[in-house]
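Subject: Handing over a structure

Dear colleague,

Please find the structure below, followed by notes on what was found in it. I have tried to explain each term where it comes up.

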Amino acid sequence: EQWVDGDIESRTPHWERLKDGLTLLGVTIPKDATGPLKEVAKVNHPLVAEAQVQFQARAIAELVPPTGPAKGQVLGEKTPETEEQAERVADYQNYQLMVEDEDFYPETDRMLFVLAGEGSQFKKVYRDTLLDRNVSRWTRAEHFIVPYGAVTLETAPRYTHQIKYSHNDLRKLQ
């Protein structure tokens with residue numbers, strides 16, 4: 001726990017700069033807002049916000065095309081049987097993502113908007129025992145704790161995923 005607290009502390013300057021940036025973009029309401037229009041955020045840099053939306057739109061179209069995000073590829077010798085198997089696997093993965101996991105598309109879309117503004121975001125694909133199916137979940141960078149100086153996850157001395165569960169869900173998982 002002491003190391004995780006140190007990792008969180010090392011990221012504090014980054015999160016402070018991000019908070020200031022969101023205020024300038026008009027995404028958050030400034031703390032010093034007063035008067036009858038205090039709930040209306042002042043946008044200082046509309047081109048940056050527009051660029052985020054443009055990135056989001058282009059990225060979602062590329063990452064989640066109408067045919068689905070999963071593609072099959074045969075490694076090694078290609079035969080009609082292995083190519084059909086690769087196609088079946090891709091079809092089933094697309095079914096799991098686009099039909100069974102109803103949150104996949106909207107969550108990925110939101111993640112891409114945040115990615116354009118904040119930088120690193122993470123997707124975690126796993127078997128959810130509470131839902132009894134495979135899911136692909138967005139893990140916000142603020143909940144995925146890595147020492148700030150880490151270059152890659154592979155070489156990071158540690159990384160921690162903070163997961164918030166309701167008391168009832170936690171009991172089910174136990």
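On the surface, Glu81, Glu83, Glu84, Glu87 and Asp91 together form a negative patch. A patch here is built from residues with over 30% relative accessible area and no salt bridge, with like charges joined within 9 Å and nonpolar side chains (Val, Leu, Ile, Met, Phe, Trp, Tyr) joined within 5 Å. Lys and Arg count as positive and Asp and Glu as negative, while His and the chain ends are not counted, and a charge is placed at NZ of Lys, CZ of Arg, CG of Asp or CD of Glu. Accessible areas come from the Shrake-Rupley method with a 1.4 Å probe, and for residues only the protein chains shown count as cover.

Before going further, please keep in mind that this is a predicted model, in which local features need pLDDT of at least 70 and side-chain atom pairs count only at pLDDT 80 or more, whereas totals for chains, interfaces and linings use all residues. Residues are numbered from 1 along each chain as its sequence is written, and side-chain values use heavy atoms, with hydrogens and water left out.

Within the negative patch, Glu83 belongs to helix H4 (residues 80–100); helices (H or I, at least four residues) and strands (E, at least two) are DSSP runs, numbered from the N terminus. Glu83 is partly exposed, because its relative accessible area is 40% and that class lies between buried (under 20%) and exposed (over 50%), with a 1.4 Å probe and protein chains only.

A second patch, a nonpolar one, consists of Leu130, Leu131, Ile163, Tyr165, Leu170 and Leu173, which together have about 490 Å² of accessible area. One of them, Leu170, sits in helix H6 (residues 167–173) and is partly exposed at 38% relative accessible area.

Turning to charged pairs, side chains of opposite charge can pair when their charged atoms come close. With a salt bridge taken as a side-chain nitrogen of Lys or Arg within 4 Å of a carboxyl oxygen of Asp or Glu, the count comes to eight. In one of these, Arg133 pairs with Asp101, and the closest N and O atoms are 3.7 Å apart. This pair links distant parts of the chain, since Arg133 is in strand S2 (residues 133–139) and Asp101 is in the loop between H4 and H5, 32 residues apart. Both Arg133 and Asp101 are buried, and they also belong to a network of salt bridges that links Asp101, Asp103, Glu107, Arg133 and Arg137.

Another salt bridge joins Asp132 and Arg127, with 3.1 Å between the closest N and O atoms; Asp132 is exposed at 55% relative accessible area, whereas Arg127 is partly exposed at 46%.

Glu118, which is buried at 15% relative accessible area, forms a salt bridge with Arg140, the closest N and O atoms being 2.9 Å apart. The side chain of Glu118 also makes a polar contact of 3.2 Å with the side chain of Gln121, where a polar contact is a pair of N or O atoms within 3.5 Å; within protein, one must be able to donate a hydrogen and the other to accept it, and residues adjacent in sequence count only if both atoms are side-chain atoms. Gln121 is found in the loop between helix H5 (104–118) and strand S1 (122–128), and its side chain has a polar contact of 2.7 Å with that of Trp138.

With best wishes
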